Structures are given as structure tokens and as C-alpha cells.
Amino acid sequence: MAARVLQQCVRSFARPSLRLCSGNLAVRAAAAPTAALHRPLSFAADSRRTRWLGQSRTPSVGVLCRQYGDLPPLTLETIKDRVLYVLKLYDKINPEKLQTTSHFMKDLGLDSLDQVEIIMAMEDEFGFEIPDAEAEKLMTPEEIVQYIADKKDVYE
Amino acid sequence: MASAYLTHQQKVLRLYKKSLRHLESWCIFRDKYRFYACLLRARFDENKGEKDMVKATMMLKSGEEEFWANQHPQPYIFPDSPGGTSYERYECYKVPEWVLDHWHPSEKAMYPDYFSKREQWKKLRMQKRSTSLL
């Protein structure tokens, strides 16, 4: 009797885990099979809750591994979007003329004090400090995106 | 930085940045901070065009003294920067980069995109190291 319930548990959890594994091979493979394997073991103890078996939602691609209290992962695209968004909010920059390769001093006509303010806005946006020695060299949005990607290990 | 000495411009910019950060620690409400930050920026801007280096250095010195007198006792420090709460927290878990070369091929096959470009990346790094002055 208990063995039959256990078999039902394992079979119904094997089905969603197959779906997960076959659909998303590119993602870290270690997390998904171990998570799928551990679930029947834990649910064997609560075999009374058989109604829950069919209702595990297939999570989206980025959420297959466990998320503790952390921010969503950064990608180059999102970093670039955020950097350009912050720059467009700055009132001394003309948003139409802003490109990723536009130099602050030569193309946009900004000051070195303005560049310090921009770097401070980037620090506030991304939540980590950019030391002065490296901040004074960042003169285009492209360089800022690369620096942040270096520091945060994004598609290095 | 090529040499160990900072230029006058660099010193002024560093003073500006740290004074803005301490001002942010003092004026916690964003609109109040914005107001006083604009006033501070105006003070820096009016003396911006000073050509006499002696006078400029004296102004920088008085600015540093004013900063020292008005600094915040517990300024906001970002978690990952020195003095912050999370500084070097995960340092013990970081693995050196050359360990990736010692992975088993079956492990390397789990990340084919990265390892296919890794040789190119190492070559670029060797080139950069040989051509850069640092």
C-alpha cells in the first residue's frame, strides 16, 4: 500500500523533471536532476498529500536553480539599458544625442565634475563603489558597461 | 595611474566626490541632498577657471580642511567597498582562475560556449600583458 503510493509519487515527479531536463539542457545541469530526485524522497514522508503531485508548475528558464535572497542575474543587455536610462535622466545630456559610444567630454560636452557625478549615479544604480583611479578613465557608456560587467562577472 | 602622485585635477575631483558622499550621509532626504549638492557644485564651478596654481592649491587645501571639519562620523559605505559590511566576505570561497584549466573534459563539456572561447581569451590576455606598461 505504501509502496504503491511511493511509486505514484516517483512517477508523477519523474514526468515534470523529464520535461525540465529535455527542454533546458543549456542551464546548469547539476541543479535540476538533484532537485527532481530529492523531491520524491521528501514527499514520500507526506504521502497523504497526494493531491499536490500533479500541480508543480514548470518554472521559467532562469529559476531552475535555487534562489536565495539575491537580485536577478545581470546580463550585458540589462546593464546597458540601465546605464543609458540613468544617463538620459541627467539633465545636462541631450537624450537624442546619446549613444553607447558617445564620449562624455568630446561628444556630449560635459565637464570632469559632471563625469564624477555620472560615475556616482552609476555607483548608486548598481550598488557598488567604483574606485577613483578607475573611475576617472571611464569616459563613454560603453566603457562603463564593460567595467561593470568585469566587476560583476557577466559573460566574461 | 602612471605615477604615484596625483595631479591637481585628480585631487579636486576626489575631494568633490567624497564631499558629495558625506553630504549624502548628512542629508538623508533625497530632495534636500539634491539641493545642497547643487549648491556645492556651484561653489566648485565658480572657482573652476583659476589659472594661478598657487592660489588653486591654497583653495584645495582649505577645501580639504573644510571637508575634514564637516565630515560625517558614520558615512554611508557601500557593502563591497573597504570598511563596508560585505567587504572581502566571499574572499575565502573565490577560486583562482587557473583552476579552470584543470577541469576534467566531461566537466568542461557542460559549458561548451565558455571553453570554446577560452583559448582565444587567454591569448588576448597574454598579448595585453606584453603590450601594456603596467
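Reader: What classes do the residues lining the largest cavity divide into, and how do you know?

Author: In this predicted model, they divide into four nonpolar, one polar and four charged residues. The nonpolar ones are Val116(A), Ile119(A), Ala135(A) and Leu13(B). Asp132(A), Glu136(A), Arg14(B) and Lys17(B) count as charged because Asp, Glu, Lys and Arg form that class. Gln115(A) belongs to neither list, so Gln115(A) is the polar residue.

Reader: What makes the largest cavity a cavity, and how much space lies in it?

Author: The term applies because a 1.4 Å probe fits at its points but cannot get out. About 90 Å³ of space lies in the largest cavity. The search of the whole structure finds one cavity of 30 Å³ or more. H4 and helix H5 (132–135) of chain A and H1 of chain B each give at least two residues to its lining.

Reader: Why is the pair Arg14(B) and Glu136(A) called a salt bridge?

Author: Their side chains meet at 3.9 Å, N to O. The cut-off is 4 Å from a side-chain nitrogen of Lys or Arg to a carboxyl oxygen of Asp or Glu, so the pair qualifies. The pair crosses between chains, with Arg14(B) in helix H1 of chain B and Glu136(A) in the loop between H5 and helix H6 (141–152) of chain A. Arg14(B) and Glu136(A) also appear in the lining of the largest cavity.

Reader: How do you know that Asp124(A) and Arg21(B) form a salt bridge, and how many are there between chain B and chain A?

Author: Asp124(A) and Arg21(B) meet at 3.1 Å, N to O, which is within 4 Å and therefore satisfies the rule. The count between chain B and chain A is ten, and the search of the whole structure gives 24 over all chains.

Reader: Which other polar pairs does the rule find across the interface, and which elements of chain B take part?

Author: For polar contacts, the rule finds twelve residue pairs, both residues at pLDDT 80 or more. On the side of chain B that touches chain A, H1 and H2 of chain B each give two or more residues. H1(B) gives the most, with nine. That side has ten nonpolar, three polar and ten charged residues.

Reader: How much area do chain B and chain A bury between them, and what makes that area buried?

Author: About 2000 Å² is buried, 53% of it on carbon and sulfur atoms. It counts as buried because it is accessible area that the two parts lose on being put together. Lys17(B), Arg41(B) and Phe78(B) lose the most in chain B, together 30% of what that side buries. By contacts, 23 residues of chain B meet 24 residues of chain A.

Reader: Why is the second largest pocket called a pocket, and what is its volume?

Author: The name applies because its points form an open set, whereas in a cavity the probe cannot get out. Its volume is about 890 Å³. The lining has 29 residues, and Val12(B), Leu15(B), Arg43(B), Phe44(B) and Gly63(B) lie nearest the centre. Helix H4 (112–126) of chain A and helices H1 (8–26), H2 (30–46) and H3 (53–70) of chain B give two or more residues to it. By class, the lining has 15 nonpolar, nine polar and five charged residues.

Notes:
Residues numbered from 1 in each chain as written. Chains lettered and ligands numbered in written order. Predicted model: local features only at pLDDT ≥ 70, side-chain atom pairs only at ≥ 80, totals over all residues. Heavy atoms only, no water. 1 Å grid on protein atoms, 1.4 Å probe; cavity = no way out; pocket = protein on both sides within 12 Å on 5 of 7 lines; lining within 4 Å. Points joined across faces, edges and corners; volume = space filled by probe spheres on them. Helix = DSSP H or I, 4+ residues; strand = E, 2+ residues; numbered from the N terminus. Contact = heavy atoms within 4.5 Å. Buried area = accessible area lost by both parts, 1.4 Å probe. Polar contact = N/O pair within 3.5 Å; in protein donor to acceptor, adjacent residues only side chain to side chain.
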